[in-house]
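Subject: Handing over the structure, with notes on sheets and helix packing

Dear colleague,

I am passing this structure on to you, and below it you will find my notes on what turned up in it. Please keep the structure open while you read.

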Amino acid sequence: MEFCEEQGFFHQDYENFRSAISDDEFRGFYRCKTDHERVLFVNKVIAEQFNDLWQFKRQFDLGKSLPEALEHKEQGNKAFQYEKWSAAVKCYNKACHLLPQENDLEMSLIVANRSAALFHLNKYEHALQDIELALELKYPQDMHYKLMERKARCYFGMKDLPNAFEYYTKTYDSLQYSNLSPEKREKWIKDTQKMIIDLELRIANVRKYLEPVKNSLMKKFEPYVDKSLYFDCTETEGRFARTRIDLRPNHVLLRQLPHAAVVTGEFCESHCDHCCRRVEILFSCPRCMDVIYCSSECQKTAQDSYHRFECGFLPYLKNSGANVVAMLALRIVTQKSLDYFVEIKDELGSLGSEEVDRLPVDDYRRIYNFVTHSEGRDTEESLKWAFMAALLNTVLSLGYFYRSRYLDSYIGTLLLHNLQVVTFNSHEISELQRKSPRDTGISVCIGAGLYPTLVLFNHSCDPGITRYFIGSAVFVRTVRNIPAGSVVAENYGQLFVRAPRHERRKSLKKLYKFDCYCQACYEDWPTFFDMNPSVVRFRCAATEGCENGLIYTERLDQNVMKCEKCNGITDVNNSFRSLKDTCLLQRYQEATQLYEQREYERALSKYAALMTSMDEVLVKPYREYHLCQQGIRRCSLELGNKHTERV
């Protein structure tokens, strides 16, 4: 995985840097044994020969415009008048994005108007969020009654009668500060009093049945690692996941937030820079146009941590060609304070696996020991990586820390280490995208994240799990039966059903520096379209625990087969009867019909049950089993991030 796009000034800068290094100096770099030594080498060359390299300043307010923001606000108001609520929201979003900082009053008016459009779209929770923001931004007191009344109506729409009653009461209180004419104020007072009395009666009648209304926007993510998992370790395989018990398909094994995540440049204008969700209600950085957020919570979290160090530099980094790998390497640092990294310096690489596993997901020590393959990298490539670390370090030296030889080398070393960690351990964050509701859709990479537990799953071309994402949170489900004690593997490249062995191995070797010897590779399983439907691999039924497959073809005229592994005899007539009783076609069609009806959880259960039934009689590979696997993958994607262009 490259860390830089072909377009960008980084490559030309590197060529100039490389040409300034003599053969003797390059041999000196070759003798560098650690990332720290490599960083010191690059810093020395830059200081001695490129004093004017990367001289730039933070650029704020690029693209921000008060007149344009007000124009989009007015367009939103017009759309609202014609009851085009969705169009109004889009206009107000654009106005929020364009509005320069220090325009709090104008921002409060924009988000207040947006809350009205959201109310008409029945997006009550989003409307409440905008109302709160408008009030924080000093929305004019003489108009508070509007927001209080809208808030009451939102709670009423959510069937939260106590809060609706409270805010109708506050509406009544706020009317004394309004600039309404006496006639209009009197009408407002009468209408509000009527609602207060009506709600008081309703609440009295149903008080004992009232339950607190849950706000789905504020639902807290609950991480989860299934207790069946444990992590083994060998000299050749490193750490990897195993299961203590037999696992069935459609078993949820993991839910985890990333240690760090970023959105790719292509989607930075449509997805939240913090949680990677597609943005419907836009919240913006007040100082730049480079990022957007899906909520005030995401905005505040980002502004209080990493974005304050990245803001103003993102256009420069984009022009350099730095891609999602480089940005994730940078984000790993910017999301924590300098003091934090100085404090943990002596512990990096010194903690044992059990100590590391007990650390929070956002602790840098949790990801520090991930594989980097630095020993297998050629000198030229290592130099280029160290040069990118120097570019990223320059950004940090203009706000994250003040330049000193110690901090330059320490933070630069962390960045170089991060580039390598991200390259071999990050996961693509995906979204299922469709042109129209009838399209099957394709899974598209919208970002990248680093997941401390998921990364411990080794590779197989016939993986036992599939993953999908809700925002940047990863969810993992099993897609086949996995016996107790077996490796629980995921897939880093292509599945065996889609690509032949030589293609898979070539790709894995190039990207991840290893030779694959999973069962599908070792036995050279055929791709889906190369599987012969006239060949049946019956499971040996003679000896309990024997996993051998008995290859039966239509040309064979025999009732019993001898197992070459255990020498037992299996009556294939019984196997055929069991297969017939499974009702493969009917059950598969039922599961697929549920999928088409968007009953994804029920479809998942059907596919999983069918796979378990088949697994009792047959041994992989065979088409029907892998069709069911694909059904589970499709259903899982439907439960995660998805977007339809034309609804």
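Strand 1 and strand 4 pair in the antiparallel sense over 2 bridges, where pairing requires that DSSP finds at least two bridges between two strands, and where helices (H or I, at least four residues) and strands (E, at least two) are DSSP runs numbered from the N terminus. Before going further, please note that this is a predicted model, in which local features need pLDDT of at least 70 and side-chain atom pairs count only at pLDDT 80 or more, while totals for chains, interfaces and linings use all residues. Residues are numbered from 1 along each chain as its sequence is written, and side-chain values use heavy atoms, with hydrogens and water left out.

The first sheet

Within the pairing of strand 1 with strand 4, Tyr224 stands opposite Arg255 of strand 4, and Arg255 in turn has Phe475 of strand 11 as a bridge partner. Strand 4 (residues 252–256) is joined to strand 11 (residues 473–478) in the antiparallel sense over 4 bridges, and Gln256 has its bridge partner in strand 11 at Val474. Taken as a whole, this is an open sheet of 4 strands in the order 1-4-11-10, with antiparallel pairing. Its edges are formed by strand 1 (224–225) and strand 10 (465–470), each of which pairs on one side only. Helix 25 (residues 623–639) packs on this sheet, touching strand 10 and strand 11 (contact means heavy atoms within 4.5 Å), and the direction of helix 25 makes about 15 degrees with that of strand 10. For such angles, axes are lines fitted to C-alpha atoms, for helices over the stretch in contact, and the values run from 0 to 180 degrees between N-to-C directions.

The second sheet

Another open sheet has 4 strands in the order 5-9-8-16, and here the pairing is mixed. Strand 5 (260–263) and strand 16 (642–644) each have a single partner strand, so one side of each is left without a neighbour in the sheet. Direction ignored, neighbouring strands of this sheet are turned by 35 degrees against each other on average. Strand 8 (residues 427–434) and strand 16 run parallel and are joined by 3 bridges, and the bridge partner of Arg434 in strand 16 is Thr644. Helix 25 appears here as well, lying across strand 8, strand 9 (442–450) and strand 16, and running at about 90 degrees to strand 8.

Helix packing

The axes of helix 6 (residues 104–120) and helix 7 (residues 124–136) come within 8 Å and cross at roughly 160 degrees. That angle makes helix 6 roughly antiparallel to helix 7, given that angles under 35 degrees count as roughly parallel, over 145 as roughly antiparallel, 65 to 115 as roughly perpendicular and the rest as oblique. Residues making this contact include Val111, Ser115 and Leu118 of helix 6 and Ala127, Ile131 and Ala134 of helix 7. They divide into 9 nonpolar, 3 polar and 2 charged residues, where Ala, Val, Leu, Ile, Met, Phe, Trp, Tyr, Cys and Pro count as nonpolar, Asp, Glu, Lys and Arg as charged, and the others, Gly among them, as polar.

Helix 14 (residues 324–334) takes part in two of the packings that I would like to point out. With helix 19 (residues 405–425), the axes come within 8 Å and cross at roughly 125 degrees, and the two helices are therefore oblique to each other. The contact involves, among others, Leu328 and Ile332 of helix 14 and Leu415 and Val422 of helix 19, and its residues divide into 10 nonpolar, 2 polar and no charged.

With helix 18 (residues 379–396), the axes of helix 14 and its partner come within 11 Å and cross at roughly 45 degrees, which makes helix 14 oblique to helix 18. This contact is made by Ala326, Leu330, Val333 and Thr334 of helix 14 together with Met388, Leu392 and Leu396 of helix 18, and it divides into 6 nonpolar, 1 polar and no charged residues.

With kind regards
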